[in-house]
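Please open the structure in a viewer and keep the sequence at hand. The tour below proceeds by selections, each followed by an account of what is found there.

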Protein chains: 2
Amino acid sequence: MKSFKKLFTSKPKPHIPESSFKIGGMGSLKLLDVIPSPEDDSHKLKKAFQGFGTDEDGIIEILGHRDANQRKKIRETYHQLYNETLIDALKSELSGDFGKAVILWTYDPSERDARLANEALKSKKKGIKHLEIIVEISCASSPQHIVAVRQAYCTLFDHSLEEDIVASVPPPLRKILLGLVTSYRYDKEVVDTDVANLEADRLHEAIKTKDLANDDIVYILSTRNFYQLRTTFECYKKKHGNPIDKDIEKSGKGDLESLLRMVILCIDSPEKHFAEVVGTSIIGLGTDEDSLTRAIISRAEIDMMKVKSEYLNIYKSSLDDAVTGDTSGDYRNFLVTLLGGKI
Amino acid sequence: MKSFKKLFTSKPKPHIPESSFKIGGMGSLKLLDVIPSPEDDSHKLKKAFQGFGTDEDGIIEILGHRDANQRKKIRETYHQLYNETLIDALKSELSGDFGKAVILWTYDPSERDARLANEALKSKKKGIKHLEIIVEISCASSPQHIVAVRQAYCTLFDHSLEEDIVASVPPPLRKILLGLVTSYRYDKEVVDTDVANLEADRLHEAIKTKDLANDDIVYILSTRNFYQLRTTFECYKKKHGNPIDKDIEKSGKGDLESLLRMVILCIDSPEKHFAEVVGTSIIGLGTDEDSLTRAIISRAEIDMMKVKSEYLNIYKSSLDDAVTGDTSGDYRNFLVTLLGGKI
């Protein structure tokens, strides 16, 4: 198949820099100029847990201003000092949405995502909303993170993420999710526009003939690098008139179509996807705290500044204001801290 | 599908210990009790390259007695000291089968396998013999090694291993190889005999109906852990009378059948697979040096003692004698050294 011939470098088209999946860059997390030692942090956390009532502000002040590496050192040191894991201590001290959020934030990101994926796969919910986390792990993360999640999944649950996908997701969604979570994409900016054009046509044909779970489609979406795919989606729009996700939406309203649109959005613009996750979790009656927490915790160290800008673009209001207005108490204080704001 | 329900621990049946994919254990490589510093080794190697003619014995004496970590340190140190990579130096000094073997041995194992896989995928050969290396990477290695090879492949060739498989391997072999190289199996000994029985039946049905490239078959072979699969193959034999590879052979002689038999052998008994690779490369007219080199170099640090024992079992003669009798000169000396023998 010609379109799968070896890629070569031609007209690289930057969309987002490679660093967008890397810690640092465009995150909202505010770190201290001088970071206390993990021993000091552990002592302070222990103190916050002791006595009459828990010092939630103290916990937020520490954990809400430490990056993944720093939190890892605190976890290790706390365990050594007190012969108890920090996670267990947090579990016994905190509860509700605040507790859930702090605990998720304190896990190693790969363990956090493995646990969220496992919860999603055990869920009896209909539709595909609960599978969002698996698409995010596989389409809005670096290849190293995906592998780390798969490794954590094996360690935590004594079998592989893939086995659980096969066991709990029906075809044809199964085939697509499996292709995506097993991907290890080239992660530099190498784009072949000829290939992008050919594959845009292949995608168009699949949409037209309602053959969306065809192996070729899975190969395109799960083996091509993100820059290449973004160019393919651009070519699609140029050649066939509509954005690809709109054409998929027009072709059907089933789970398969919804999943593919989610995949395409996550690949094309992770910041837009997460802006929509935040927006959807807030807008309407009640708040979907689990989704809100997940979006903020996953992206605070990666690209939250871009998510905020996309949010403003889509909803014509500030993400910070929306979160502040829709949450309360310690939960709000913690999210606002991760968003880089003052309490 | 019931057979894909969550695995649970029941009657673990050890076949080979987990360490069989780990460096150390059952390898044939002989290390020195006191290892010289990488600086000393680099100086000696440089000296072996200089002057009138190359000191091949000196090179064998050093590199043939260093494990992967030690070779890595020598590579790094040599580069720093002489502003030239050790691989480049070896390339300019050595040639023929000896040169190829020493260079493959000197690469990091993940880079070595990525290069071998790339060569295999570029090959215009018919049949599936040249794809053997890809099956070995994915079915006779640890999940960490597979990921390291995929990572090295991206770094070396600017696109992913999966993209090259899609581009150069026709369906249905493509689907099977893709499933295998993207696997990240659970690597501890957890076996569910109920699942093994169900999946043995599913495999039997696929063989009977000549539907070997069915998605279920790919899922079974690429998501289940090796211990689980070995139990499945045992169940197959007990329930359906023949070893599964024999039934596949009877069902057809095409590339698909050959590939699946190779996959099953690599999973069931990597040592038997490599004994056969050595045997086939030696027996008959001429020697297939590339296969012989690959087998010895890949397994010298892993399970060569078991490969030798399987060889004796199959061919009723010693692998060491066969290699000594069929090769000559520096090439022979190097292989014999890796096999743990005296020159």
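In which loop of chain B does Pro172(B) lie? Select Pro172(B) in this predicted model: the residue belongs to the loop between α9 (161-168) and α10 (173-181) of chain B. Display the backbone there, and note that the peptide bond from Pro171(B) to Pro172(B) is cis, with omega near 0 degrees. Then select the counterpart in chain A, where a cis peptide bond joins Pro171(A) and Pro172(A), with omega about 0 degrees. Pro172(A) is likewise in a loop, the one between α9 and α10 of chain A.

**The helices on either side of the loop**

Select next residues 161-168 of chain A, helix α9, together with residues 173-181, helix α10. Their axes are 9 Å apart, and the helices pack at an angle of about 170 degrees. An angle over 145 degrees counts as roughly antiparallel, and α9(A) and α10(A) are therefore roughly antiparallel to each other. Show the side chains: from α9(A), Leu161(A), Glu162(A), Ile165(A) and Val166(A) meet Arg174(A), Leu177(A), Leu178(A) and Val181(A) of α10(A). By class, this contact comprises 6 nonpolar and 2 charged residues, with no polar ones.

**The two chains together**

Now display both chains. A turn of 180 degrees, with a shift of 0.0 Å along the axis, lays chain A on chain B with an RMSD of 0.0 Å. This is the relation of a two-fold axis. The same surface serves both copies, since 100% of the contact residues of chain A recur in chain B. To locate the axis, select Thr182(A): of the residues of chain A, it comes closest to the rotation axis, its C-alpha lying at 2.6 Å.

**Tyr82(A)**

Which residues does Tyr82(A) contact, leaving aside its neighbours within four places in sequence? Select Tyr82(A), which lies in helix α3 (residues 68-82) of chain A, and add Ser42(A), His43(A) and Lys46(A), the residues in contact with it. The side chains of Tyr82(A) and His43(A) make a polar contact of 2.8 Å. Lys46(A) is 36 residues from Tyr82(A) along the chain, while their C-alpha atoms are separated by 8.6 Å. Tyr82(A) has a relative accessible area of 24% and is partly exposed.

**Lys210 in both chains**

Proceed to Lys210(A), in the loop between α11 (193-208) and α12 (215-223) of chain A. Its phi is near 50 degrees, a positive value in a residue other than glycine. Lys210(A) is exposed, with a relative accessible area of 59%. In chain B, select Lys210(B), in the loop between α11 (193-208) and α12 (215-223); there too phi is near 50 degrees. The relative accessible area of Lys210(B) is 59%, and the residue is exposed.

**Asp247(A)**

Is Asp247(A) buried or exposed? Select this residue in helix α14 (residues 244-251) of chain A; at 10% relative accessibility, Asp247(A) counts as buried. Residues up to four places away in sequence aside, Asp247(A) touches His204(A), Ile207(A), Tyr236(A), His240(A) and Asn242(A). Two of these partners merit display as sticks. The side chain of Asp247(A) makes a polar contact of 2.7 Å with that of Tyr236(A), and one of 2.9 Å with the side chain of Asn242(A). Finally, add Ile207(A), which is 40 residues from Asp247(A) in sequence and 7.3 Å away in space, C-alpha to C-alpha.

Terms used
Residues are numbered from 1 along each chain as its sequence is written. Chains are lettered from A and ligands numbered from 1 in the order in which they are written. This is a predicted model: local features need pLDDT of at least 70, side-chain atom pairs count only at pLDDT 80 or more; totals for chains, interfaces and linings use all residues. Side-chain values use heavy atoms; hydrogens and water are left out. Copies are superposed by least squares on the C-alpha atoms of residues with pLDDT of at least 70 in both. Contact means heavy atoms within 4.5 Å. Axes are lines fitted to C-alpha atoms, for helices over the stretch in contact, and angles run from 0 to 180 degrees between N-to-C directions. Helices (H or I, at least four residues) and strands (E, at least two) are DSSP runs, numbered from the N terminus. Angles under 35 degrees count as roughly parallel, over 145 as roughly antiparallel, 65 to 115 as roughly perpendicular and the rest as oblique. Ala, Val, Leu, Ile, Met, Phe, Trp, Tyr, Cys and Pro count as nonpolar, Asp, Glu, Lys and Arg as charged, and the others, Gly among them, as polar. Buried means under 20% relative accessible area, exposed over 50%, partly exposed in between (1.4 Å probe, protein chains only). A polar contact is a pair of N or O atoms within 3.5 Å; within protein, one must be able to donate a hydrogen and the other to accept it, and residues adjacent in sequence count only if both atoms are side-chain atoms.
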